[in-house]
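Trainee: I keep running into labels and I'd like to know what earns them. Can we go through some together?
Mentor: Sure, let's take them one at a time.

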Amino acid sequence: MTKKPFERISVIGLGYIGLPTAAMFASRKVEVVGVDVFKAVVDTINRGEVHIIEPDLDILVRAVVTEGYLRATTVPEPADAYLIAVPTPFKGDNHDPDLSYVVAAARSIAPVLRPGNLVILESTSPLGATEAMADILAEERPDLTFPQHAGEASDIRVAHCPERVLPGKVMQELITNDRVIGGMTPACSARAAALYKTFVTGACVIASGPRVAEMAKLTENSFRDVNIAFANELSLVSDRLGINVWELIALANRHPRVNILQPGPGVGGHCIAVDPWFIVSSAPEQARLIRTAREVNDSKTTWVIEKVLAAIGSHLTARPDKTASDVVLALYGLAFKPDIDDLRESPALAIARLLASRHTGPIKIIEPNIDTLPRGLEKATLIAPDAASADIHVMLVDHTAFRGTALPRGIVVDTRGVWSKASHY
Ligand code: SAJ
């Protein structure tokens, strides 16, 4: 039997990207050792269970753990390739990137590195992070050679290959999306491409180096952020001018070269609202549009809250017999985007929490994808979609369950165009 190019692969960080990637390699009958600092996560996976929600992930993890191709541990073990998929958040008011998880991951694998190993940084990373990681590895292992010093002759190959999968479609997009491969040398890129070819059917596109690969990922999410900001700004302009923004966008999108995105209550998730700041932080003087787009999208959330508070005010003006504590709010959706249960960095959740802290009357929440309300919403009630009689209805997430529902009675604040879209264009 011929020797496999990679007998054992180790994935460091078993979260939203690391676990699906580990399971995907394991599904191709390669031994995969997943590493996570949280013992509870490791134990869950070793039972064949998952700690995150992603369609079809649970079935695959159960299968590969049962067959013995995937196991998890808290301490890195020797392997042929290491993929680092840990968080890269930002810190402080300047939104500077926080590389502490990448640094910790690099230090944790350094003791078990061997000549011939490949180390890939998959985490979305600020400019220069891959080279910084390679420097940490070199510092920890002076007995090995690395590409920044030894070039093509290095013992260890290093590359940045950013993940680009869409939450909710991870298991398909991992396989079919093109992969950007930014090796520190051509040999590093070739080795990384060979690794991904284990399961990727999309093209493995070789970049000229890790920095442009880092920038490509940041650019993709900034492109989306800027385009969403355009839609959100249009919604403010239209509100001021008394125009239906959904009709406006539908009309403009009939032009063959115009494709405007949809406004919403702000941009959520852990990527699009974070990654543009990495570009701003690297080139603050030049990245003016990118910074402004972030500000426009963040301020949309505040604008929605003010709209709802103003709606409460106008309801009380029309009904002087009532006080604020009589006014019933119904909030539709808490997730950060449609048809998922992920509430992290969700503008809908931020709006709900703020309203819960400010409004003295009853708050009903309709979120078909969860069973219990999160912290900060203790005074609200989770109700079924069809039981929402209220004075003010606030549409926050266009879940499939809400689409096509009749315009409710009362005041409506529709941030997603579910009830106010012009469908006939
Ligand atoms: N949104 C709008 N209007 C739109 C589209 C989206 O308000 O027209 C909002 C969503 O409601 C949500 C946010 O933007 O709050 C982000 O949602 P999304 O579906 O655009 O993206 P994510 O964050 O789920 O995933 C993105 C993807 N990037 C791009 O599409 C360029 C994904 O491919 C990346 O892998 C992922 O970020 C990541 O991990 O970086």
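Mentor: Start with the names: helices and strands here are DSSP runs, numbered from the N terminus. Keep in mind that this is a predicted model. With those names, Ser-346 is found in the loop between β11 (329–332) and α13 (347–358).

Trainee: Why is Ser-346 called buried?
Mentor: Buried means under 20% relative accessible area. Ser-346 has 6% relative accessibility, so it counts as buried.

Trainee: What makes the link between Ser-346 and Ala-335 a polar contact?
Mentor: The side chain of Ser-346 reaches the backbone oxygen of Ala-335 at 3.1 Å. The cut-off for such a pair of N or O atoms is 3.5 Å, so this one passes. Not counting residues up to four places away in sequence, Ser-346 touches Leu-334, Ala-335 and Phe-336.

Trainee: Which residues of helix α8 are buried?
Mentor: In α8 (residues 186–196), they are Cys-188, Ser-189, Ala-192, Ala-193, Leu-195 and Tyr-196.

Trainee: How do you know that they sit on the same side of α8?
Mentor: They cover an arc of only 155° around the axis, so they end up on the same side. In general, an α-helix has 3.6 residues a turn, so residues three or four places apart point the same way.

Trainee: Which residues touch the most other members of the largest nonpolar core?
Mentor: Leu-70, Ile-120 and Leu-195, out of 43 residues. Helix α1 (residues 18–27) gives the most to this core, with 6 residues. There's also a second, separate core of 29 residues, including Leu-329 and Val-394.

Definitions and conventions: Residues numbered from 1 in each chain as written. Predicted model: local features only at pLDDT ≥ 70, side-chain atom pairs only at ≥ 80, totals over all residues. Heavy atoms only, no water. Buried < 20%, exposed > 50% of the residue type's maximum accessible area, 1.4 Å probe, protein only. Helix = DSSP H or I, 4+ residues; strand = E, 2+ residues; numbered from the N terminus. Arc of directions from axis to C-beta. Polar contact = N/O pair within 3.5 Å; in protein donor to acceptor, adjacent residues only side chain to side chain. Contact = heavy atoms within 4.5 Å. Core = buried A, V, L, I, M, F, W, Y, C linked by side-chain atoms within 4.5 Å.
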